[in-house]
Amino acid sequence: MKEGFHRPKPLLTKREREVFELLVQDQTTREIAKALFISEKTVRNHISNTMQKLGVKGRSQAVVELLRLGELEL
């Protein structure tokens, strides 16, 4: 296999990334759900799944960790 062709698997799914991109723009769960045409429960599930992957206890910790890992930009 040639160097440079293997990309590491992204930490977040496309949808989880979309949720957190809106979250860092200070959007509420309700606003995110509306913007992405999903339920508020689904938004909370995406946030919860991401927090579990990162091993953190809160949304703000998840955001900090995603920024640190370069998975998210402000």
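What percentage of the 74 residues of the protein count as buried? The share is 34%. Keep in mind while reading that this is a predicted model. Some notes on how it goes together follow.

1. **Overall layout.** Four helices and zero strands make up the secondary structure here. Reading from the N terminus, the order is simply α-α-α-α. The C-alpha trace spans about 45 × 25 × 20 Å along its principal axes. As for how the chain meets itself, take the contacts between residues at least 6 apart in sequence: 50% of them join residues at least 24 apart.

2. **The core.** The largest nonpolar core holds 18 residues. If you want its hubs, go to V19, F20, I32, V43 and I47, which have the most contacts inside it. Each of α1, α2, α3 and α4 puts in at least two residues. V43 is a good place to start clicking: leaving out residues up to four places away in sequence, it touches V19, T29, I32, A33 and I38.

3. **α1 against α3.** Helix α1 covers residues 14-23 and helix α3 covers residues 40-54. The two pack at an angle of about 100 degrees, and their axes are 9 Å apart. Angles of 65 to 115 degrees count as roughly perpendicular, so α1 is roughly perpendicular to α3. On the α1 side the contact is made by R15, E16, V19, F20 and L23, and on the α3 side by V43, H46, I47, N49, T50 and K53. Sorted by class, that gives five nonpolar, three polar and three charged residues.

4. **T50, on α3.** This threonine lies in helix α3 and deserves its own look. Is T50 buried or exposed? T50 is buried, at a relative accessible area of 0%. Apart from its neighbours within four places in sequence, T50 is in contact with L12, E16, F20 and L66. E16 and F20 in that list also belong to the α1 side of the α1 and α3 contact.

5. **α2 against α3.** Here the angle is about 105 degrees, with the axes 8 Å apart. That makes α2 roughly perpendicular to α3 as well. From α2 the contact uses T29, R30, I32 and A33; from α3 it uses E40, V43 and R44. By class there are three nonpolar, one polar and three charged residues.

6. **The two sides of α2.** Which residues of helix α2 (residues 29-36) are buried? They are T29, I32, A33 and L36. Looking down the axis of α2, the buried residues fall within an arc of 100 degrees, so they line one face of the helix. The cover over them includes α1, α3 and α4 (59-68). Over on the other side of α2, R30 and K34 are exposed.

7. **R30 up close.** R30 sits in helix α2 and counts as exposed because its relative accessibility is 57%, where exposed means over 50%. R30 still takes part in the contact of α2 with α3. Its C-alpha atom is 14 Å from that of E18, a residue twelve places away along the chain.

8. **After α2.** F37 follows α2, and its phi is positive, near 60 degrees. If you are checking the backbone by eye, have a look at this spot.

9. **T13, ahead of α1.** T13 is in the segment before α1. With a relative accessible area of 37%, T13 is partly exposed, since it falls between the buried limit of 20% and the exposed limit of 50%. The C-alpha atoms of T13 and H46 are separated by 9.1 Å, although the two are 33 residues apart along the chain. H46 itself is one of the α3 residues in the contact with α1.

10. **E65, in α4.** A charged side chain to finish with: E65 has its place in helix α4. Which way does it go, buried or exposed? E65 counts as buried at 19% relative accessibility, because the limit for buried is under 20%. Not counting residues up to four places away in sequence, E65 touches L54 and V56.

Definitions and conventions: Residues numbered from 1 in each chain as written. Predicted model: local features only at pLDDT ≥ 70, side-chain atom pairs only at ≥ 80, totals over all residues. Heavy atoms only, no water. Axes fitted to C-alpha atoms, helices over the stretch in contact; angles between N-to-C directions. Parallel < 35°, antiparallel > 145°, perpendicular 65-115°, else oblique. Contact = heavy atoms within 4.5 Å. Nonpolar A, V, L, I, M, F, W, Y, C, P; charged D, E, K, R; others polar. Buried < 20%, exposed > 50% of the residue type's maximum accessible area, 1.4 Å probe, protein only. Arc of directions from axis to C-beta. Core = buried A, V, L, I, M, F, W, Y, C linked by side-chain atoms within 4.5 Å.
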